[in-house]
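User: I have just opened this entry and would like to go through its contacts with you. Could you start with the charged pairs?

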Amino acid sequence: MDKFIIEGGQTRLEGDVVIEGAKNAVLPLLAATILPKNGKSVLKNVPILLDVFTMNNVVRGLDIEVDFDQDNNQVTVDASKPIKDIAPYEYVSQMRASIVVLGPILARNGHAKVSMPGGCTIGSRPIDLHLKGLEAMGAKISQSGGDITATAEHLKGAKIYMDFPSVGATQNLMMAATLADGMTTIENAAREPEIVDLAQFLNKMGADVRGAGTETLTIYGVSELKGAEHDVVQDRIEAGTFMVAAAMTSGNVLIKDAVWEHNRPLISKLLEMGVSVTEEDKGIRVQSDVSQLKPVLVKTLPHPGFPTDMQAQFTALMAVVNGESTMIETVFENRFQHLEEMRRMGLQTEILRETAIIHGGKELQGAPVMSTDLRASAALILTGMVANGETVVGKLSHLDRGYYHFHHKLASLGASIKRFSED
Ligand code: UD1
């Protein structure tokens, strides 16, 4: 397995960085390509990531033609032939997000068998909201041998209230409802930009999804969908990671094509700390002087609250800001494993259930550390850039799931970082 070696201490990031299409948008978009029986779907601005390869394989496993033109960041999907209704364990087990194929396969075929998902180790990640919503639409659900089986001759529109605005459940139910009989409403729906992106794609296919980006989604079922073309929205988490990287290295970085509106919760915290964040024609510029920054309190919440996917990276910033900062993680339990690794680099922190107090501004020392999940990997790499001496970050398979050429991009901004194969 590969590792990064980072020489830290004096890093100051400067220059421009280009952001990819969003991982969390493209995965449900690929699931949506299962729905149309006519025409090809073309996704553009697709990031070259391990999770995208995995999702392509999940879709291919249904006997659907998937072509990934990596030179042009474009995926073309032809689902016009009859499709299988079993999502293979081999790939589903690698990635939790693959559960979003359940709704589309069921809606199209009347029957679906999907393995229980695997994925990041960031706490218990149930799928009860996905299943309850499909049941409300008339599906019979059973679980055995690690598989979920769902059957419904024809899904029926339903009124669904979600106990929590789950992103994946909202996507699954939205896709299932596009081909259901009548109207479906999803109350307390997730409002993430990736939900809006999916709704736009579905509507281009001929669906009638209204209210995306608000708490209530209304979907009027149609009899069939056709393939469509769509540009994947920019990755707000990748953009946010570079914003934090610039802030914690007293840098000056233009994050090209980053969308201000999508990063507003993060930007507001950076501004509160004293970081300069400005909108330019080509993107968002972040400039800072770490010695002048103030500690803050951050609480992760569903969008438009502070994103849990920026929590780990933001704690790395808190670690270099003088004073006591607080991070409260309300979306996932057990999402502070990176702090245990950062302790090995000299971080002073106390963790009590969902709250971490970070005593920032103390000297950090490079050390060998292990990535524990995708965003934790990014946080450890950022910390390595500001810690004195050498940091070795292992288990990079997590990072490859969600960041394209992360080390090349950081190196082009001035970081001393190299990737080595341990073989
Ligand atoms: C998506 C993102 C992930 C992000 C998360 C929260 C993708 C591919 N992944 O994951 O990067 O961290 O949103 O912004 O888009 N829950 C239930 N029952 C359910 C479903 C979820 O209790 O049926 C709980 C989870 O345990 C968790 C919370 O809801 O505590 C949020 O999960 P959810 O929004 O579903 O996250 P994902 O869609 O898995």
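**Charged pairs and packing**

Analyst: The side chains of Lys 409 and Glu 238 form a salt bridge, with 2.7 Å from N to O; the term requires a side-chain nitrogen of Lys or Arg within 4 Å of a carboxyl oxygen of Asp or Glu. Please note that this is a predicted model, in which local features need pLDDT of at least 70 and side-chain atom pairs count only at pLDDT 80 or more, whereas totals for chains, interfaces and linings use all residues. Residues are numbered from 1 along each chain as its sequence is written, and side-chain values use heavy atoms, with hydrogens and water left out.

User: Where do Lys 409 and Glu 238 lie?

Analyst: Lys 409 is in helix H14 and Glu 238 in helix H8, so the bridge ties together parts that are 171 residues apart in sequence. Helices here are DSSP runs of H or I with at least four residues, strands are E runs of at least two, and both are numbered from the N terminus.

User: Is Lys 409 buried or exposed? And Glu 238, buried or exposed?

Analyst: Lys 409 counts as buried, at 10% relative accessibility. Glu 238 is buried as well, at 1%. The cut-offs are under 20% relative accessible area for buried, over 50% for exposed, and partly exposed in between, with a 1.4 Å probe and protein chains only.

User: How many salt bridges does the structure hold?

Analyst: There are 20 salt bridges. One of them joins the side chains of Glu 194 and Arg 236 at 2.9 Å, N to O. This pair also links distant parts of the chain, with Glu 194 in helix H7 (residues 193-204) and Arg 236 in helix H8, 42 residues apart. Glu 194 is buried at 5% relative accessibility, and Arg 236 is buried at 10%.

User: Glu 261 and Arg 264, what do their side chains do?

Analyst: They meet in a salt bridge of 3.0 Å, N to O. Glu 261 is partly exposed at 47% relative accessibility, and Arg 264 is partly exposed with a relative accessible area of 43%. Elsewhere, Asp 2, Asp 400 and Arg 419 are joined into one network by salt bridges that share partners.

User: Switching to rings, how many aromatic pairs are there?

Analyst: The structure holds four. A pair means that rings of Phe, Tyr or Trp (its six-membered ring) have centres within 6.5 Å; planes under 30 degrees apart are stacked, over 60 edge-to-face, and the rest tilted. Phe 242 and Phe 406 have ring centres 5.6 Å apart and planes at 65 degrees, so this pair is edge-to-face. Phe 242 belongs to helix H8 (residues 236-248) and Phe 406 to helix H14 (residues 406-412), 164 residues apart. Both rings' residues are buried: Phe 242 has a relative accessible area of 1%, and Phe 406 has 2%.

User: And how do the rings of Tyr 403 and Phe 406 sit?

Analyst: Their centres are 4.7 Å apart and their planes at 40 degrees, so the pair is tilted. Tyr 403 is buried at 3% relative accessibility. Ring pairs thus link Phe 242, Tyr 403 and Phe 406 into a cluster.

User: What about the largest nonpolar core, which members touch the most others?

Analyst: That core has 77 residues, and those touching the most other members are Met 55, Ile 64, Val 101, Leu 102, Leu 155, Met 174 and Leu 202. A core here is a set of buried Ala, Val, Leu, Ile, Met, Phe, Trp, Tyr and Cys residues joined through side-chain atoms within 4.5 Å. Helix H1 (residues 23-32) contributes the largest share, seven residues. Apart from this core lies another, of 67 residues, among them Ala 245, Ala 258, Phe 314 and Phe 406.

User: How many residues of helix H10 are buried?

Analyst: Ten of its ten residues are buried, so described as mostly covered, in helix H10 (residues 311-320). Phe 314 is one of them.

User: Any strands to look at? How many bridges join S16 to S17?

Analyst: Five bridges join strand S16 (residues 276-280) to strand S17 (residues 283-287), and the two run antiparallel; strands pair if DSSP finds at least two bridges between them. Ser 276 stands opposite Gln 287 in S17, and a hairpin connects S16 to S17 through two residues.

User: Finally, how many helices and strands does the chain have?

Analyst: The protein chain has 14 helices and 24 strands. Of its 423 residues, 58% count as buried.
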